[in-house]
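Subject: Structure handover

Hi,

Here is the structure I promised to pass on. Please open it next to this message and follow along as you read.

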Amino acid sequence: MSPEYSNTSFSHTLTARQREIVRILAKTAGNPIPVGAVSEKLNVSSRTVLRELPAVEHWLQENDFTFIRKPGVGLAIEEDPESIRLLEELLGLEQTSAGFSQKERRRQILGELLFVREPIKSYVFLSRFQISEGTLGKDLDALDEWLSSYQVRILRRPGIGILLEGSETAFRQAIANAALEFMDNGEILRMLRSSTKEELPSEPELLKNRLFSFIDPQIVAFVEQILADTEKELHIKYTDSGYMALIVHLSLSIKRLRSGEKIEMDPEELKNLSELPEYPVAEQIAERIGRQLALSIPQEEVGFITMHLSSARIWPQTRRMRSQLQSINARQVVMSIVEQVEQELNLPFHTCNRMIEELTSHMDSMISRLSMNIQLDNSQGDAIRQKYPDVYKAVEHACGLFREKLYINDISPSEITFVAMHFAAAAETLRGEQKRVAVAVVCPSGMGASRMLAANLIRSLHNIDIRQIMSAFSLEPEKLKKDGIDLVISTVPLEIDFPSVCVSPIPQAQDMLVLNHALEAIGRKRTEEIRPEPRTPAPELRLSLEDIGSLTRTGEEISQLLHSFLIREVSGICQTETLLGQAAGIFADSILSRQIISQDLARREGIKNTFIPELGIHLLHCRTTAVPHCRCAYLRLDRPFSVPDGTIKGAILLLAPRSDQNECVEVISRISMLLVEDKRFLQALQNGDASEGRALAEEALVKYFQNLIIKRKGDGTL
């Protein structure tokens, strides 16, 4: 026989592994080969080969090749040499016809790894895409970074292959989000719509969109009917993104339930989800799926459906505009804007994780403002347009593309400016490295906000050298010059004859612009004058008696802080003054000491408000004569209350004894920095988990103590 493959319409396309199976059978044409021998050549299990055989057999039959299974003997293609030659040409034609772009290639690799739970040899990808090992390595690095946010890792084992490692929950989240994030909405809707009409995309397109290989047209139609019914019965409405996410998730869930895969979810997480208003809706959806498909739907699956309903943000239709705006997935909007601006400016903004997170948070509040028709002025508009005209134009264009998605007629120049400021700050970093600038970070006490600010600056700016962290009251311009400081970065306004800027303890986009302008000015000044680096004294090569005394005091304060560490549940708090009063009594041993602590906290609060809106907490801290050693506690509010700057969920209390020795201040400051450096610490406090909070604090303080010993000995490592 002689198949005319040049005019063939390939309704089924082979995967790389299936092509390799056909090639092995072609080389042994006429001579049966055992399944075990095939699996050994591919370095996979016999079960994997057997799972691929139906697709292989279907493809061979469609193209008029004779495939034979001989029980107890093996597999064979019964064809003459001429037909085998045509078969090999057909395989080559199919392989080279894909024409994958980098994005499509990575999407295809990700799809294979997510759905094949056994190692895949690297040559499978190398041969399919005709790429080098270096290119494959870069693809895997990029995918590994993307998967890390879902707690999934790519394992590369020489001689074994490439596979993913992660929990079932992590895999489900990664698959659902990959399907949505690696394809634009138009592609997804086109595939879903065609599937409901039983007009599935061609197999080459399905191969290209491997992430949707689990979609079944009957299931899609069934799920769509369920969602339409729940909208009518419960008077809710799904966003397009929420609708697509639910289709993907439910299709995947049904496939896995049918195959008997176990679904797991943390009991505490399931309990929290069961308290959401979306949970009853999820129960109704699960009940209908179970009844009509004869499946047993576990409670964990109801929890997963709840998660998707919550992210879709269903709303009563009568709420109209506000609910429509609030239903939008802010991160999806941000990623779309990032992609548009990136293309126009040719800068890799997708690598700026911090900017993306901050912009997502900003987008949430922006959507809320737009929903209530609140206009926010931005005095930086002219400055941004003049200094960053290309950034502003690109952001304006990108925002314009999403006006319809945001259900509004226009986005004001003020709002565009806010978004542009995030991109401008990131562009400053991406467009060139500047020389490191020596800075001193200060706050009123030198132990709270300054440490938090320093931790954030270290994470955000790579061109600064933080040489000092100190109190605003101890600033001496002459000493700063002598120590080689170029710039003072403060959390409070300063009136000193020295270059300085004032920013938030957790710098926002506006703060980063101010900082970058100041650093630029210093960089320009440096080109005009050459100043010798300040001389640093030779490090001590051994501990002195003074060092031993200081280390002893530090160790004692660490021990005292950890032993006194506690989380206090408080109720009935609705204003900051009451919160201060409650905090003052936690470590007081008398009425007098409570009054002293209260006065010291109020005095510190009067210098500058200690509320950190980004964290939702008050950072209550001071030096006081009312405590003999360092103290740390977290006040966990049973009911958060609102202030003009945000919502207060609790307060961390840090007390240091008033003395001339700095060890107490340094120990307290490490706790301030820990709030920024390790998100788990604040989460433990807000969850009321004192054991976890104390353990994380101990880990950080012990590490600090060890590094302090090394520094004292002269190593200089911090």
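Two strands count as paired if DSSP finds at least two bridges between them. Please keep in mind that this is a predicted model.

**The four-stranded sheet**

On that basis, four strands make an open sheet. Their order is 8-7-9-10, and the pairing is parallel. Strand 8 (464-471) and strand 10 (500-502) are the edges. Each has a single partner strand, so one side of each is left without a neighbour in the sheet. From one strand to the next, the twist averages 25°.

Look at strand 7 (residues 437-443) beside strand 8. The two pair in the parallel sense, over seven bridges. To find your place, use Cys 443, which stands opposite Ser 471 in strand 8.

**The five-stranded sheet**

A second open sheet has five strands. The order here is 11-14-15-13-12, and the pairing is mixed. Strand 11 and strand 12 (611-612) are the edge strands, and each pairs on one side only.

Which helix packs on this sheet? Helix 27 (residues 591-607) does, and it touches strand 12, strand 13 and strand 15. The direction of helix 27 makes about 120° with that of strand 13.

Now go through the pairings:

- Strand 11 (residues 566-570) and strand 14 (residues 631-643) are parallel partners, with five bridges. Arg 568 stands opposite Leu 635 in strand 14.
- Strand 14 and strand 15 (residues 646-657) run antiparallel and are joined by nine bridges. Tyr 634 stands opposite Ile 652 in strand 15. A hairpin of two residues connects strand 14 to strand 15.
- Strand 13 (residues 617-624) and strand 15 pair in the parallel sense over eight bridges. Thr 624 stands opposite Pro 657 in strand 15.

**A hairpin earlier in the chain**

Strand 3 (residues 153-157) and strand 4 (residues 161-165) run antiparallel, with five bridges between them. Arg 157 has Gly 161 of strand 4 as its bridge partner. Three residues lie between the strands of this hairpin. Gly 159 takes a positive phi there, near 85°.

**Helix packing**

Two packed helices are described by the angle between their axes and the distance between the axes. Three pairs are worth a look.

Start with helix 20 (residues 389-400) and helix 21 (residues 413-430). Their axes come within 9 Å and cross at roughly 125°. Helix 20 and helix 21 are therefore oblique to each other. The crossing of these two helices is right-handed. Helix 20 brings Val 391, Tyr 392, Val 395 and Glu 396 to the contact. Helix 21 brings Pro 413, Ile 416, Thr 417, Val 419, Ala 420, Phe 423, Ala 424 and Ala 427. By type, the contact residues of helix 20 and helix 21 are ten nonpolar, one polar and one charged.

Next come helix 26 (residues 576-584) and helix 27. The axes of this pair come within 8 Å and cross at roughly 135°. That makes helix 26 oblique to helix 27. Their crossing is right-handed. Leu 580, Gly 581, Gln 582, Ala 583 and Ala 584 of helix 26 meet Arg 594, Ile 597, Ser 598, Leu 601 and Glu 605 of helix 27. The contact of helix 26 with helix 27 has five nonpolar, three polar and two charged residues.

Last, helix 28 (residues 663-677) packs with helix 29 (residues 679-686). The angle is about 100°, and the axes are 5 Å apart. Helix 28 and helix 29 are therefore roughly perpendicular to each other. Helix 28 supplies Ile 671, Leu 674, Leu 675 and Glu 677. Helix 29 supplies Lys 679, Phe 681, Leu 682 and Leu 685. The contact of helix 28 with helix 29 holds six nonpolar residues, no polar ones and two charged.

**The aromatic pair**

How many aromatic pairs does the structure hold? It holds one. Phe 349 and Phe 423 are the partners, and they meet edge-to-face. The ring centres are 5.1 Å apart, with 85° between the planes. This pair links distant parts of the chain, 74 residues apart. Phe 349 is in the loop between helix 17 (330-345) and helix 18 (353-371), while Phe 423 is in helix 21. Phe 423 also belongs to the contact of helix 20 with helix 21.

Best wishes

Key: Residues numbered from 1 in each chain as written. Predicted model: local features only at pLDDT ≥ 70, side-chain atom pairs only at ≥ 80, totals over all residues. Heavy atoms only, no water. Axes fitted to C-alpha atoms, helices over the stretch in contact; angles between N-to-C directions. Parallel < 35°, antiparallel > 145°, perpendicular 65-115°, else oblique. Left-handed = near helix turned anticlockwise from the far one by under 90°. Contact = heavy atoms within 4.5 Å. Nonpolar A, V, L, I, M, F, W, Y, C, P; charged D, E, K, R; others polar. Phe/Tyr/Trp six-rings, centres within 6.5 Å; stacked < 30°, edge-to-face > 60°.
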